[in-house]
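Visitor: Hi, I'm new to this one. Can you pull it up and walk me through it?

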Amino acid sequence: MTLDAQTFMQHLANGISVGSLYALIAIGYTMVYGILRLINFAHGDIFMMAAYFAFFGIAVFHLPWYVAFLLVIGVTVLLGAGIEKAAYRPLRDAPKSSVLISAIGVSFLLENLATFLFSGKPKAFPDFPAMTRVLEIKGISIQVLTLVVPLVTILLLFILLFIVNHTKLGMAMRAVSKDYEIAQVMGIKIDRIIAYTFGIGSSLAAIGAILWGMKYPQVSPLMGVMPGLKCFIAAVIGGIGNIKGAVMGGFILGLAEVLLVAAFSSLTGYRDAIAFILLIIILLVRPTGLLGEKTAEKV
Amino acid sequence: MKKRVKTKTQLPLKNRWLLNIGAIVFLIAFIFIANQFLDSYIRRILNLCAIYTILGLSMNLINGFTGLFSLGQAGFMAIGAYAVAIFTVPLEARATIFYLEPMHPAISHIRLPFVVALLLGGLLAALAAFLIGAPVLRLRGDYLAIATLGFSEIIRIVFTNIQNITNGALGIKNIPTISNLWWTWGIALIVISSMVLLIRSSYGRAFKAIREDEIAAEAMGIGLFKHKVIAFMISAFMAGIGGGLFAALLGTVDPKQFYFTLTYNFLLIIVLGGMGSISGTIMSAFIVTIGLEWLRFLDEPLSIAGISIPLFRPGLRMVVFSLLLMGVVLFYRKGLMGQTELSWERIIGFFKKFGKKEGSQVGGDLSE
């Protein structure tokens, strides 16, 4: 129960770094939800595929890491946009439950495909000594990665906010998320904007997967399920549709998990349940999330 | 939603009764013969068909008829399955099963008859649905999907952790099994008929009204929350019963069986059968269960003329299964039945049409 300052700082750093990983994936959920009002169930599995791509690029094809990472991001973007085109675009006018089922179908398909192609056995993610090196700062031992991950997340957040707020593409995205049909009338090519949105979300998932792989060096077909669900919850906590909210939700969730388990060791087995309990609480207290706007239901 | 206008004339009441009775007699005879003469593998599949019918109906009640997208079926199943497992395992076997940590003294000496344990499982699942329903049923659409999915995961996580009640990750073995078809089929028939009665009652009409338009339904004086909770509880009750039968069929339960992907099986069943069709659900429960068994050949290595085809290896079955789900959603959105039901008129109409086609091939119109 008792925590001294050093262990507390260590857990805090760990929580922030887990939280920033959640934040990276949560952005993908929140952007897609903002535009399509759809939970992209497959997002966690896109993340998983990206981890496999990184594994193959580095451990199997022995590419230099910068080439491999760029390739991973590129291929994942194509995968995300491809999924949108194949599974969501044909259902644009269908009832929402059909699209949701389609999303579940894609998620299930990716998991099974990964099991089939890469076998269900977990694979070891290549080690990056520069990242996993342990630093000693005032008696607190911290991996380099733990410091790098939040920095990468914050940097990407600023780039993303710049794209959304100050570029033409971002303006179009905001227009589509405000009103889908009017945006179309105003001459915005919706399909293209949606494809870009999926691409951006997937690229963040890819970066998240690479960092995740360095932190937890194991790749398996079901590795995306739990992070996927949790990051959606993070997006809901922050207010779905809101990018800053997603990052905030990611941090809150990461910190809550790490600190609660650190403080009450009897909760260790229930670590994965914390997110869902947090979700139910937030939906009861503030259904629109911390930064979400209230919207009235139209008749 | 537009309903097809019925132009076909209805059969006389007497004929319909005769057909119904005939069908029931045929079914009973079939179960009797199947019980007597078919081998255990086929009996097992038929049992599974009945259980999947119950679970498909449970899922369809909440998703198809009430229009609430719930993904919590695996969790409710787990509650029912564990109730049966915990309360029907023979007392003398308990010490060897719970060898890591002895069973909690409050329940270690209670053994219930199968039916009581089954009902208890259903009631516990309904109770859980009531508790979880109060907060989550206020949510709309996809939030509900995530919250129920999360709930089913919480159940699984809790069951993995309460070692002295559920035996944790080790699971419970030696559950007395049922191997004949009467249990599963009898209960499936009870569930099907209560489902038909429910949907035809004022509650059923209220559920459908909520599905079509919540705001309009509320304006018509339907208590949204009350009806949603009722639908959710009945659905959970049925899922609990299905789960209990599942446990008794397999003879063993462990938390991994109730991973939330199990819910996707029932999702495929209701999507294929038609969201909001009882008869469609029954048909597709058969198609999916038998299909999944039949597709097992995909997981076996296959060699044609001595050359082994590398495509056939474990995992292919599930790939095909998920492709099927995708295919149905993308190209066959209404499923087999849409929101309509199978009726004798429809069956007869189908055969008449079929007969006509056959007849016109030989050159004469035989039916008229």
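Guide: Here is a short tour, taken one question at a time.

Visitor: What kind of model is it?

Guide: It is a predicted model.

Visitor: What are its ipTM and pTM scores?

Guide: The ipTM is 0.82 and the pTM is 0.86.

Visitor: And what pLDDT does chain B average?

Guide: Chain B averages 84. In that chain, 91% of the residues score at least 70.

Visitor: Which elements of chain B have the lowest and the highest mean pLDDT?

Guide: Helix α15 of chain B, residues 344-362, has the lowest, at 66. The highest belongs to α11(B), at 94. Over residues 359-368 of chain B, the pLDDT is below 50. Beyond near neighbours in sequence, that stretch has 9 contacts in the model.

Visitor: Let's stay with α11(B). Is it mostly covered or mostly open?

Guide: Mostly covered: 19 of the 27 residues of α11(B) are buried.

Visitor: What span should α11(B) have, and what does the model show?

Guide: At 1.5 Å a residue, its 27 residues should span 39 Å. The end C-alpha atoms are 38 Å apart, which agrees.

Visitor: What follows α11(B)?

Guide: Gly251(B) does, and its phi is positive, near 80°.

Visitor: Pick a residue inside that helix for me.

Guide: Try Ala236(B), which is found in α11 of chain B.

Visitor: Why does Ala236(B) count as buried?

Guide: Because it has 32 other C-beta atoms within 10 Å, and 20 or more is enough to be buried.

Visitor: What does Ala236(B) touch?

Guide: Leaving out residues up to four places away in sequence, Ala236(B) touches Phe76(B), Ala125(B), Ala126(B), Ala128(B) and Ala129(B).

Visitor: How far is Ala236(B) from Ala23(B)?

Guide: Their C-alpha atoms are separated by 29 Å. Along the chain, the two are 213 residues apart.

Visitor: Next helix. What about α8(B), which residues are buried there?

Guide: Leu181(B), Thr184(B), Trp185(B), Ile187(B), Ala188(B), Val191(B) and Met195(B) are buried.

Visitor: Why do you say those line one face?

Guide: Because, seen down the axis of α8(B), the buried residues fall within an arc of 165°.

Visitor: And what is exposed on the other side of α8(B)?

Guide: Trp182(B), Ile190(B), Ser193(B), Leu197(B) and Arg200(B) are exposed there.

Visitor: Which helices do the buried residues of α8(B) pack against?

Guide: Four of chain B: α1 (13-37), α2 (40-65), α11 (224-250) and α13 (278-294). So α11, the helix with the highest mean pLDDT among the elements of chain B, is one of the partners of α8(B).

Visitor: Does the length of α8(B) work out too? What are the numbers?

Guide: Helix α8 of chain B has 20 residues, 181-200, and should span 28 Å at 1.5 Å a residue. The end C-alpha atoms are 28 Å apart, which agrees.

Visitor: Switching topic. How many residues are in contact between chains B and A?

Guide: 33 residues of chain B are in contact with 31 residues of chain A. On the chain B side, α6(B) gives the most, with 13 residues. That side divides into 23 nonpolar, 7 polar and 3 charged residues.

Visitor: Which elements of chain B give two or more residues to that side?

Guide: α5 (114-136), α6 (141-161), α12 (261-273) and α14 (316-331) of chain B.

Visitor: Which residues of chain A does Pro135(B) touch?

Guide: Pro135(B) touches Ile280(A), Leu283(A) and Leu284(A). Pro135(B) lies in helix α5 of chain B. It is partly exposed, with 14 other C-beta atoms within 10 Å.

Visitor: Now chain A. Where does Arg37(A) lie?

Guide: In the loop between α1 (5-36) and α2 (43-60) of chain A. Its phi is near 55°, a positive value in a residue other than glycine.

Visitor: What about phi in His62(A)?

Guide: It is positive as well, near 55°. His62(A) lies in the loop between α2 and α3 (65-88) of chain A.

Visitor: Why point out a positive phi?

Guide: Because most residues other than glycine have a negative phi.

Visitor: Is His62(A) buried or exposed?

Guide: Exposed, with 9 C-beta neighbours inside 10 Å.

Visitor: Last one. Which residues touch the most other members of the largest nonpolar core?

Guide: Ala50(A), Ala51(A) and Ile233(A), in a core of 193 residues.

Technical notes:
Residues are numbered from 1 along each chain as its sequence is written. Chains are lettered from A and ligands numbered from 1 in the order in which they are written. This is a predicted model: local features need pLDDT of at least 70, side-chain atom pairs count only at pLDDT 80 or more; totals for chains, interfaces and linings use all residues. A nonpolar core is a set of buried Ala, Val, Leu, Ile, Met, Phe, Trp, Tyr and Cys residues joined through C-beta atoms within 7 Å. A residue is buried if 20 or more other C-beta atoms lie within 10 Å of its own, exposed if 12 or fewer, and partly exposed in between; C-beta atoms are placed from the backbone. Two residues are in contact if their C-beta atoms, placed from the backbone, lie within 7 Å. Ala, Val, Leu, Ile, Met, Phe, Trp, Tyr, Cys and Pro count as nonpolar, Asp, Glu, Lys and Arg as charged, and the others, Gly among them, as polar. The expected span of a helix is 1.5 Å times one less than its number of residues. The arc is that of the directions from the helix axis to the C-beta atoms. pLDDT is the predictor's confidence in each residue, from 0 to 100.
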